[in-house]
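Got your viewer ready? Load the model, switch to cartoon with sticks on demand, and follow along.

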Amino acid sequence: LRVENPRVEYLTNPLGLDAARPRFSWNLASSLRGVEQASYRLIVANAASSQIVWDSKVVASNASVNVEYAGSTLGSGEVYTWNVTAVARSLLAAPLAATSATFSMGLLTADEWHGSWVGMASAARSAAPWFRTPFALAAADASSEALLYVASVGYHEATINGKPASATSVLAPSVSYLPKRVLYRTYNVSGLLVAGDNVLGLWASSAWADYPDLSAPFAKAPLVLAELRVGGKVVASTGDASTSCRESTVTHLRGWGSGGGLQGFGGDHLNDSAAVEGWDEPGLL
């Protein structure tokens, strides 16, 4: 008997959940036929303090999809571990099976963002600027859990010390109707930090953020808002005195209308002569 594929809100070890009462799912597997779950027990604990925030106790049920959280209020930005233990109804199967996984909560209210939106005042929407925020870390903090939150009007790609915040996430976040909703992504960048000088780098492009009805302060897209928390403490955010920006090697060719040709479908112009080696790494003068 095995418990496999633990998921929270249909995701494996998700980051930045915005569901106040997330739902848990898992699969029961066995090499024997006819094995059915007789009961389960779910335990959720704060990863930093190991304090249990919910213990479902033993529940006599074969439910294993969308079991809703029913513990104390989950903290914004907190990381949690959870495990489920299942008991099989079949006497021929092993009596217990368990598995463990993790999830983290996002920044659930606007006042929990400590940074501010930044853009390039001299740039048109056709620009795709680089933003650079240097910060320093003590040796003890460099090995702590680090979560980076990035919202953008348009697309973004984030780096820490020149390395991508995600090996798979490009042109994030997902497309949304920006006059109504701006999305953000959460990245686990724990392995990218070093003791001493570090740099948070952001590349932003307005892309589809070309709506004529975007109101201030979003009318000058692309804009980004980022915050880095290490061990639960804010160590870097956009909008402080250390954040700087410049035009990148990319210029967006506007024209997503039905005009046809290049003007109708848009695209990007790449200018490698504008490249700055190490723009998102420590030591840049």
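**Stop one: a small set of strands**

Start by selecting strand β2 (residues 23-29) and β5: two bridges join them, and they run antiparallel. Strands here are DSSP E runs of at least two residues, helices are H or I runs of at least four, and both are numbered from the N terminus. Before going further, note that this is a predicted model, where local features need pLDDT of at least 70 and side-chain atom pairs count only at pLDDT 80 or more, while totals for chains, interfaces and linings use all residues. Residues are numbered from 1 along each chain as its sequence is written, and side-chain values use heavy atoms, with hydrogens and water left out.

Now pick F24; its bridge partner in β5 is V67. Add β1 to the selection and you have an open sheet of three strands, ordered β1-β2-β5, with antiparallel pairing. Two strands count as paired if DSSP finds at least two bridges between them. At the edges sit β1 and β5 (67-68), each pairing on one side only.

**Stop two: R7**

Stay on strand β1 (residues 2-8) and click R7. What is the nearest side chain of opposite charge to R7? That is E4, 8.9 Å away, and R7 is buried without a salt bridge. Some cut-offs: buried means under 20% relative accessible area, exposed over 50%, and partly exposed in between (1.4 Å probe, protein chains only). For charge, Lys and Arg count as positive and Asp and Glu as negative, with His and the chain ends not counted. A salt bridge is a side-chain nitrogen of Lys or Arg within 4 Å of a carboxyl oxygen of Asp or Glu.

Draw a distance from the R7 side chain to the backbone oxygen of N5 and you should get 2.6 Å. Then show the surroundings of R7: beyond neighbours within four places in sequence, its contacts (heavy atoms within 4.5 Å) include F24, W26 and W82.

**Stop three: Q37**

Jump to strand β3 (residues 37-46), where you'll find Q37. Buried or exposed? Q37 counts as buried because its relative accessibility is 4%. Its side chain makes a polar contact with the side chain of W26 at 3.0 Å. A polar contact is a pair of N or O atoms within 3.5 Å; within protein, one must be able to donate a hydrogen and the other to accept it, and residues adjacent in sequence count only if both atoms are side-chain atoms. Look also at the backbone oxygen of A63, which lies 2.9 Å from a polar atom of the Q37 side chain. Leaving out residues up to four places away in sequence, Q37 touches several others, among them L28, S61, V87 and R89.

**Stop four: salt bridges**

How many salt bridges are there? The count comes to eight. Go back to E4, whose side chain meets that of R2 in one of them (2.8 Å, N to O). E4 is partly exposed at 34% relative accessibility, and R2 is partly exposed at 40%.

Next, select K233 and D141, whose closest N and O atoms are 3.8 Å apart in a salt bridge. K233 lies in strand β15 (residues 233-237) and D141 in helix α1 (residues 139-142), so the pair ties together parts that are 92 residues apart in sequence.

Finally, zoom to R229 and E227, a salt bridge with its closest N and O atoms 2.6 Å apart. R229 is buried at 13% relative accessible area, and E227 is buried at 0%. Last selection: R41, D55 and K57, joined into one network by salt bridges that share partners.
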